[in-house]
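Please open the model in the viewer and keep the sequence panel visible. The tour below proceeds selection by selection.

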Amino acid sequence: MKTIRFIPTGVHAYFDYIGGIGLLAAPFVFGFYRVGGAAVIIPMMLGIGLILYSLLTNYELGIPGLKFIPMPVHLAFDLLASVFLAISPFLFGFINQAPNAWLPHIIAGVTVILLVLVSQKRYQPKVRAVV
């Protein structure tokens, strides 16, 4: 079966940084920072991690000269982190809190899983003509 990978690495890169900031802000935006514990720590740590490994990824928005993480490895990190995020309310028992404490974890996790499945695996830098 052929996979459908239509999201270019450059678009995925923007989603990475927006998602990292979103994960850091989620406890405050969705009002579950008072729940504390894993409900707050997990998205914030994953947001920091996402931004850091995105900066080191060999794609359009990685830091030039420091891009040593290949895109397939980046996608594997994304997949592992998003599965962990989606199941974290069950693993750490905050599924019994108000929906604003656990639903963002599940929605963000499933959304990133889908993004990984449709993102291209190869960064193809543009060749610049020398004049």
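A residue counts as buried when its relative accessible area is under 20%. By that cut-off Ile69 is buried, because its relative accessible area is 9%. The model on display is predicted.

**The whole chain**

Begin with the full chain in cartoon representation. The protein chain contains four helices and zero strands, and its pattern along the sequence reads α-α-α-α. The C-alpha trace spans about 60 × 35 × 20 Å along its principal axes. Of the 131 residues, 33% count as buried. If contacts between residues at least 6 apart in sequence are considered, 64% of them join residues at least 24 apart.

**Ile69**

Next, select Ile69, which is located in the loop between H2 and H3. What does Ile69 contact, leaving aside its neighbours within four places in sequence? The partners are Tyr53, Leu56, Thr57, Asn58, His74 and Phe77. One of these, Leu56, merits a distance label: the C-alpha atoms of Ile69 and Leu56 are separated by 5.9 Å, with their positions 13 residues apart along the chain counted as the separation.

**Helix H4**

Now select residues 99-118, which form helix H4. Its 20 residues reach 28 Å from the first C-alpha to the last, close to the 28 Å expected at 1.5 Å a residue. Show the side chains of Ala101, Trp102, Pro104, His105, Ile106, Gly109, Leu115 and Val116, which are buried in H4. Against which helices do the buried residues of H4 pack? They pack against H1 (9-29), H2 (38-55) and H3 (71-91).

**The largest nonpolar core**

Keep H4 displayed and add Ala26, Phe32, Ala39, Val40 and Phe94; together with Ala101, Trp102 and Ile106 they make up the largest nonpolar core, which has eight residues. H2 and H4 are the elements that give two or more residues to this core, and H4 gives the most, with three. Centre the view on Trp102: not counting residues up to four places away in sequence, Trp102 touches Pro89, Phe94, Ile95 and Gln97.

**Ser88**

Move to Ser88 in helix H3. Is Ser88 buried or exposed? Ser88 counts as buried, because its relative accessibility is 0%. Beyond residues up to four places away in sequence, Ser88 touches Ile42, Gly93, Phe94 and His105. The contact with His105 can be labelled as well: Ser88 and His105 are 17 residues apart in sequence and 7.4 Å apart in space, C-alpha to C-alpha.

**Ser119**

Continue to Ser119, in the segment after H4. Ser119 has a relative accessible area of 0% and is therefore buried. Its contacts, not counting residues up to four places away in sequence, are Arg5, Ile7, His12 and Leu75.

**The largest pocket**

Finally, switch on a surface and turn to the largest pocket, which holds about 560 Å³ of space. To find its centre, select Gly19, Leu23, Leu85, Ala108 and Val112, the closest to the centre of the 27 residues that line the pocket. Which helices supply the lining? H1, H2, H3 and H4 each supply at least two residues, and H1 gives the most, with eight. Colouring the lining by residue class shows 18 nonpolar, seven polar and two charged residues.

Key:
Residues are numbered from 1 along each chain as its sequence is written. This is a predicted model: local features need pLDDT of at least 70, side-chain atom pairs count only at pLDDT 80 or more; totals for chains, interfaces and linings use all residues. Side-chain values use heavy atoms; hydrogens and water are left out. The expected span of a helix is 1.5 Å times one less than its number of residues. Buried means under 20% relative accessible area, exposed over 50%, partly exposed in between (1.4 Å probe, protein chains only). Contact means heavy atoms within 4.5 Å. On a 1 Å grid over the protein atoms alone, a cavity is a set of points where a 1.4 Å probe fits but cannot get out, and a pocket is an open set with protein on both sides within 12 Å along at least five of seven lines; lining residues have an atom within 4 Å of a point. Grid points are joined across faces, edges and corners, and a volume is the space filled by probe spheres set on the points. Ala, Val, Leu, Ile, Met, Phe, Trp, Tyr, Cys and Pro count as nonpolar, Asp, Glu, Lys and Arg as charged, and the others, Gly among them, as polar. A nonpolar core is a set of buried Ala, Val, Leu, Ile, Met, Phe, Trp, Tyr and Cys residues joined through side-chain atoms within 4.5 Å.
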